[in-house]
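Hi,

Here is the structure I promised to pass along. Have a look at it first, and my notes follow below.

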Amino acid sequence: MKANISYYSLQIIGNVLFWGWVSLMGITGHEGDVDLGSEIILFLISVCISILATHFILRAYLKKHLPESQTSKKIYALAILYAAIIATLLNFLWWLGFGEPEKGYSISKALILIAVNIAIFSIWSGLYIAVTSITERFRLRKQLREQELASLMNQINPHFLFNSLNTIRGMIYEDKEKSAELVTKLSTLFRYNLSTDTKAHTSLGAELEVCQHYLAIEDIRLGERLNVSINISPESKNAKIPTMGLLTLIENAIKHGIAHLQKGGTVTLNSRIENNMLMIEVINPFNEALVKSGTQVGLKNLQQRIALIFGHSGKMSQTITDSTFTASLALPFEPV
């Protein structure tokens, strides 16, 4: 729809500007009085014939005979010639019917007009090729980005399932009842994910609901060792974030922070809108000596998805200060 609107807008604007310039040159170069009414009618007729010829003849012929993603000089030449001949016939029919037929119209005049139309339509074809090539490149780039995002989404779900199953495995011999409850909570979480239309991005509010399911699982496993403090500004709830992005940060805070500490600690989640940017912080106590180096699949995956969705405008950073680990996201504020 947007592409069609852009095409028709460019068609009208381009033809109006071109024939307006031609009419202006004709008026300023004409000696004596000028019939302004006739010039306006001639301008409008020229615009209409040009649009009809380029859209219904030239463009239609190219779309029918030109293979996708290929160019053929012969096809373009024939399309331009057909459009030029038909545009010339339409001009002659107009002149004969509503102009001054007593002046007569010779073959030489027809050939000159065909030559002029060929030049005009050749320029139009060149512009058409340039615009469609740019549009095609943007389309392919968007398609590749969407495919890469889908691939990353397919990667993050098994990663999360693997970590959750490891959590349950560690509880089986300690507390069978809690293990059974963990399985129930996990099935609820995945049912929730399946029931929603999984996309590359979601709102912070919707993501927080998923996190609550995950925190319920970890609450069973860690008990009093896990405390959560959530400080979400109301306006940030509608902000766009990568799907499972916040979940990745919270999972990382618990797995590499709270779980290794004997007394546990508090995971703090802050969000606010600042200078039209969504600022998110996930803060947790941290003891680097107790943490085993992992694959960091989740964090690397999140960084890649931020780059694909927001480009250079979105950033993720990590800082360690006084045994405190802070994971931060700075994303352009885009309401969902």
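E4 and E5 form a hairpin with two residues between them, and Asn 275 in the turn has a positive phi of about 55°. Strands here are DSSP runs of at least two residues (E), and helices are runs of at least four (H or I), numbered from the N terminus. This is a predicted model, where local features need pLDDT of at least 70 and side-chain atom pairs count only at pLDDT 80 or more, while totals for chains, interfaces and linings use all residues. Residues are numbered from 1 along each chain as its sequence is written, and side-chain values use heavy atoms, leaving out hydrogens and water.

Back to the strands: E4 (residues 265-274) also pairs with E2 (residues 226-232), in the parallel sense over seven bridges; pairing takes at least two DSSP bridges. Asn 227 has Thr 266 in E4 as its bridge partner. E5 (residues 277-285) runs antiparallel to E4, joined by seven bridges, and Ile 273 is partnered with Leu 278 in E5.

Now the interior. The largest nonpolar core (buried Ala, Val, Leu, Ile, Met, Phe, Trp, Tyr and Cys residues joined through side-chain atoms within 4.5 Å) has 44 residues, and Leu 246 and Ile 250 have the most contacts inside it. Helix H6 (residues 204-222) gives the most to this core, with nine residues.

Finally, Leu 331 sits in strand E7 (residues 324-332). Leu 331 counts as buried because its relative accessibility is 0%, the cut-off being under 20% relative accessible area (over 50% is exposed, in between partly exposed; 1.4 Å probe, protein chains only).

Best wishes
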